[in-house]
Amino acid sequence: MNCFTADNIFGESTKGMMIIMEFINFTTIVKNEIEKRAGKNYHVRLKDVRKNNGIILSGLTVMQDDSNISPTIYLNAYFEAYQSGQATLGMVIDDVMEVYERNRVNRTVDVRQFLNFDMVKNRIVFKLINTEKNQELLKDVPHIPFYDLSIVFQFLITEENFGNATILIHNAHLQIWGISVETLYQKAQQNASVLNPYEIKNMQEVLCEYIPDKEEDIGQAINNTVPVYVLSNKNRLFGASCILYPELIQDFAQAVGSDLYIIPSSVHEVLLLPTHGTEESEDIKRMVQEVNDTQVETEDVLSYSVYFFDKEKNSFAIL
């Protein structure tokens with residue numbers, strides 16, 4: 001006989017609510033303490049930020065009076081560290097201030113430039129995201145379907161002190177500019193390879209970059225395997241979109257003399273695998289599933305599909 005009590009009926013729900021309340025309290029305390037440390041000429045704000053694949057993070061911004069740009073510092077990981085006892089509240093606040101000081105921007109962006117397409121058109125780029133996992137976002141942004149993915153668009157800001165930052169293009173921008181999504185795509189295609197040059201390296205090169213003291217071991221391990229190549233941009237941020245660069249995949253397939261499996265490692269890069277001498281595509285799909293589920297952050301997952309490029313037909317297909 002089942003025995004239902006208040007604990008087992010409401011326990012999980014109550015626990016979830018308590019965590020939410022603790023998180024709200026945590027972020028509020030952090031915000032208030034950062035405000036005290038920053039001083040009266042700064043504005044500190046909390047905001048929910050929709051990230052890739054429907055992930056919503058709590059972001060904190062610190063804005064100087066004479067600037068309208070600020071890095072967003074996400075507090076979710078700090079809360080997890082605080083909850084697990086790996087960090088005290090004081091440690092969190094110290095680190096947030098350090099991150100801000102290291103990435104602060106002493107300038108403003110003239111937002112009036114966004115009223116004129118001619119002012120921004122040469123800095124429009126694109127990125128690839130998963131269609132199914134980003135349904136809410138896609139309601140509000142111009143996009144073009146690409147198999148089970150969607151091409152969305154960004155304005156690229158370059159800042160000497162903090163590298164590249166982007167502003168996502170929304171439907172409202174297109175209405176102001178009076179252009180179509182096709183025009184946006186054409187400009188992004190022209191700009192992307194110039195502003196975000198691509199990079200193709202074999203797997204051995206990439207692994208040796210991350211583990212430089214193991215070059216010999218890596219070389220021996222990879223020496224007799226089918227060559228695998230990593231395609232990304234030089235910044236390695238949303239570099240999977242490099243497969244959209246005109247003629248890039250076709251030229252690479254011709255160079256290696258093979259059709260290609262294109263494996264979505266993450267939103268930041270894809271793997272290019274010549275099809276001759278490789279395992280069956282079903283095995284590769286199982287590998288993609290396992291890697292996505294165990295090794296890739298939820299926010300960085302691109303797709304569970306494997307793509308096939310036919311070098312003779314110069315065409316993609318989804319497997």
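**Figure 1. Overall view of the predicted chain and its confidence.** The protein chain averages a pLDDT of 85, with 83% of the residues scoring at least 70, and the model shown here is a predicted one. Over residues 1–10 the pLDDT is below 50, and in the model this stretch has three contacts beyond near neighbours in sequence. Among the elements of the chain, strand β5 (residues 143–146) has the highest mean pLDDT, at 97, whereas helix α9 (residues 215–222) has the lowest, at 43. Residues 214–222 likewise stay under a pLDDT of 50, and for them the model has nine contacts beyond four places in sequence. Where pLDDT is low, the predicted coordinates should not be read in detail. The chain has 11 helices and 13 strands, and buried residues make up 41% of its 319 residues. Of the contacts with a separation of 6 or more, 61% are accounted for by residues 24 or more positions apart. The accessible surface of the chain comes to about 18,000 Å², and 50% of this belongs to carbon and sulfur atoms.

**Figure 2. Close-up of the two nonpolar cores.** The largest nonpolar core has 41 residues, and I124, F153 and W177 are those with the most contacts inside it. A second core, separate from the largest one, has 20 residues, including F26, V30, I34 and Y100.

**Figure 3. Close-up of a nonpolar surface patch.** M17, I20, M21 and I24 together make a nonpolar patch of about 390 Å² on the surface. One of these residues, I24, lies in helix α1, which covers residues 6–38. I24 has a relative accessibility of 44% and therefore counts as partly exposed, since this value falls between the limits of 20% for buried and 50% for exposed residues.

**Figure 4. Close-up of the salt bridge between R37 and D94.** The side chains of R37 and D94 meet in a salt bridge, with an N to O distance of 2.7 Å. Because R37 lies in helix α1 and D94 in helix α3 (residues 89–103), the pair ties together parts that are 57 residues apart in sequence. Both partners are partly exposed, R37 with a relative accessible area of 45% and D94 at 42% relative accessibility. Side chains of opposite charge can pair when their charged atoms come close. For the model as a whole, the count comes to nine salt bridges.

**Figure 5. Close-up of the salt bridge within helix α3.** E98 forms a salt bridge with R102, and the closest N and O atoms of the two residues are 3.3 Å apart. Both residues lie in helix α3, where they are four residues apart, about one turn of the helix. E98 is partly exposed, with a relative accessible area of 47%, whereas R102, at 55% relative accessibility, counts as exposed.

**Figure 6. Close-up of the salt bridge between E199 and R236.** In this pair, E199 forms a salt bridge with R236, the closest N and O atoms being 3.6 Å apart. E199 belongs to strand β8 (residues 198–202) and R236 to the loop between β9 and α10, so the pair ties together parts that are 37 residues apart in sequence. R236 is partly exposed, with a relative accessible area of 25%.

**Figure 7. Close-up of two loop residues with positive phi.** F238 has a phi near 50 degrees, a positive value in a residue other than glycine. F238 lies in the loop that runs between β9 (229–233) and α10 (248–256), and with a relative accessible area of 23% this residue is partly exposed. N314 is likewise not a glycine, and its phi is positive at about 50 degrees. The loop that holds N314 lies between β12 (307–310) and β13 (315–318), and N314 is partly exposed there, with a relative accessible area of 41%.

**Figure 8. Close-up of K40 and D65.** K40 is found in the loop between α1 and β1 (42–50), and at 78% relative accessibility K40 counts as exposed. K40 and D65 are 25 residues apart in sequence, while in space the distance from C-alpha to C-alpha is 9.2 Å.

Technical notes. Residues are numbered from 1 along each chain as its sequence is written. This is a predicted model: local features need pLDDT of at least 70, side-chain atom pairs count only at pLDDT 80 or more; totals for chains, interfaces and linings use all residues. Side-chain values use heavy atoms; hydrogens and water are left out. A nonpolar core is a set of buried Ala, Val, Leu, Ile, Met, Phe, Trp, Tyr and Cys residues joined through side-chain atoms within 4.5 Å. Buried means under 20% relative accessible area, exposed over 50%, partly exposed in between (1.4 Å probe, protein chains only). Patches are made of residues with over 30% relative accessible area and no salt bridge: like charges are joined within 9 Å, nonpolar side chains (Val, Leu, Ile, Met, Phe, Trp, Tyr) within 5 Å. Accessible areas come from the Shrake-Rupley method with a 1.4 Å probe; for residues, only the protein chains shown count as cover. A salt bridge is a side-chain nitrogen of Lys or Arg within 4 Å of a carboxyl oxygen of Asp or Glu. pLDDT is the predictor's confidence in each residue, from 0 to 100. Contact means heavy atoms within 4.5 Å.
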